[in-house]
Amino acid sequence: MKPLSLLTADAASALAGVIFDLDDTVLDHGALTEAAYGALFRLRAAGLALIACTGRPAGWGEVIQRQWPIDATIAENGAVALVREQAEPLADPRGGVAPSAGRIAALDGLDRGARQARRAELIALADDMVRRFPAAALADDNDQRVTDVTIDIGEHRRVPPEDVQRMRAELRERGVRTLLSSVHLHLTREPADKATGVVRLLSARFGEDPTRARYRYAFVGDSGNDGVAFAAFTLTFGVANVRAHLGKLSVPPRFVASLPMGRGFAEIAHRVAELRKNAPAP
């Protein structure tokens with residue numbers, strides 16, 4: 001991993017957008033700081049598209065998509081995308097028309113009935129896991145989820161690593177995929193991950209060539225479930241706390257911030273925006 005000081009103006013100027021994880025990347029233990037939120041506006045002002053990419057639930061993604069200065073949200077580790085649909089103008093009581101913010105649409109490959117049946121099976125498996133591994137508990141954001149179920153292993157609980165590994169091994173034997181973030185163990189039967197989910201969205205909604213998109217968008221993350229994106233995208237960044245997770249990453253980020261979490265994200269955003277501002281005109 002290289003320090004941010006070695007990032008070049010050419011690399012920053014070639015970007016079309018930035019994709020970023022939430023927990024312990026933009027958020028500090030779940031909290032959004034002024035520095036991190038301001039960094040989003042700075043990247044936006046630098047002419048970059050912004051896509052949140054998180055293991056958090058689709059319900060959270062809808063709120064983020066409504067409130068943050070971003071173009072799309074990938075939730076549940078790539079399984080669901082949330083985008084703002086083009087709005088019809090609203091009647092203005094003062095005469096004429098007024099703009100509408102538009103509704104948020106969730107893009108999911110399964111119909112509602114099949115999705116509910118699949119998730120009910122995952123909930124039963126997760127219930128069995130937390131019954132047999134009492135240090136763990138169901139995560140408190142499960143009611144907002146659509147495609148997966150999460151077990152709290154590091155947010156409000158501290159689950160021994162050996163218990164996490166035993167749960168993952170048993171779930172794998174039952175045909176369930178698991179993904180590990182800094183706070184949650186995710187149970188899913190979806191084939192998507194953060195990299196495939198983002199590339200699929202960029203192709204379908206942004207008109208990007210799937211291969212070229214990996215060069216035109218940077219990824220910022222911090223932990224194990226970001227590993228596929230660190231490997232897939234050419235320009236990648238880690239906040240400083242990524243160092244604690246390097247043993248879980250087959251490919252580390254190319255550049256690393258000196259600061260952790262939201263302060264590290266702001267540091268990355270500042271560097272990228274400054275290089276783009278100062279780059280010579282083509």
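This report describes the sheets, the helices packed on them and the nonpolar cores of a predicted model.

## The sheet of nine strands

An open sheet of 9 strands follows the order 1-17-16-15-2-5-6-7-10, and its pairing is mixed. Strand 1 (2–3) and strand 10 are the edge strands, each of them pairing on one side only. Strand 1 runs parallel to strand 17 (residues 255–256), to which 2 bridges join it, and within this pair Lys 2 has Phe 255 as its bridge partner.

Helix 3 packs on this sheet, where it touches strand 6, strand 7 and strand 10, and its direction makes about 25 degrees with that of strand 7. The buried residues of helix 3 (residues 58–67) are Ala 58, Gly 59, Gly 61, Ile 64 and Gln 65, and these residues pack against strand 6 (72–75), strand 7 (80–84) and strand 10 (104–107). Helix 9 (residues 261–278) lies across strand 2 (17–20), strand 15 (217–221) and strand 16 (236–238), and it runs at about 145 degrees to strand 16.

## The sheet of four strands

Another open sheet is formed by 4 strands in the order 11-12-14-13, with antiparallel pairing. Strand 11 (137–138) and strand 13 (177–180) stand at its edges with a single partner strand each, so one side of each is left without a neighbour in the sheet. Strand 12 (residues 149–152) pairs with strand 14 (residues 184–188) in the antiparallel sense over 4 bridges, and Ile 151 has Leu 185 in strand 14 as its bridge partner.

Helix 4 (residues 112–132) lies across strand 11, strand 12 and strand 14, and it runs at about 15 degrees to strand 12. Helix 5 (residues 161–173) also packs on the sheet, touching strand 12, strand 13 and strand 14, and its direction makes about 155 degrees with that of strand 13.

## The nonpolar cores

In soluble globular proteins, nonpolar side chains tend to be buried together. The largest nonpolar core of this model has 32 residues, and Phe 20, Leu 43, Trp 68, Phe 237, Phe 265, Ile 268 and Val 272 are those with the most contacts inside it. At least two residues of this core come from each of strand 2, helix 2 (34–45), strand 5 (49–53), strand 15 and helix 9, and helix 9 supplies the largest share, 6 residues.

Beyond its neighbours within four places in sequence, Phe 237 is in contact with several residues, including Leu 4, Leu 7, Phe 219, Phe 255, Ile 268 and Val 272. Apart from the largest core lies another one of 25 residues, among them Ala 72, Ala 81, Val 198 and Phe 230.

How values were computed
Residues numbered from 1 in each chain as written. Predicted model: local features only at pLDDT ≥ 70, side-chain atom pairs only at ≥ 80, totals over all residues. Heavy atoms only, no water. Buried < 20%, exposed > 50% of the residue type's maximum accessible area, 1.4 Å probe, protein only. Contact = heavy atoms within 4.5 Å. Pairing = 2+ DSSP bridges. Axes fitted to C-alpha atoms, helices over the stretch in contact; angles between N-to-C directions. Core = buried A, V, L, I, M, F, W, Y, C linked by side-chain atoms within 4.5 Å.
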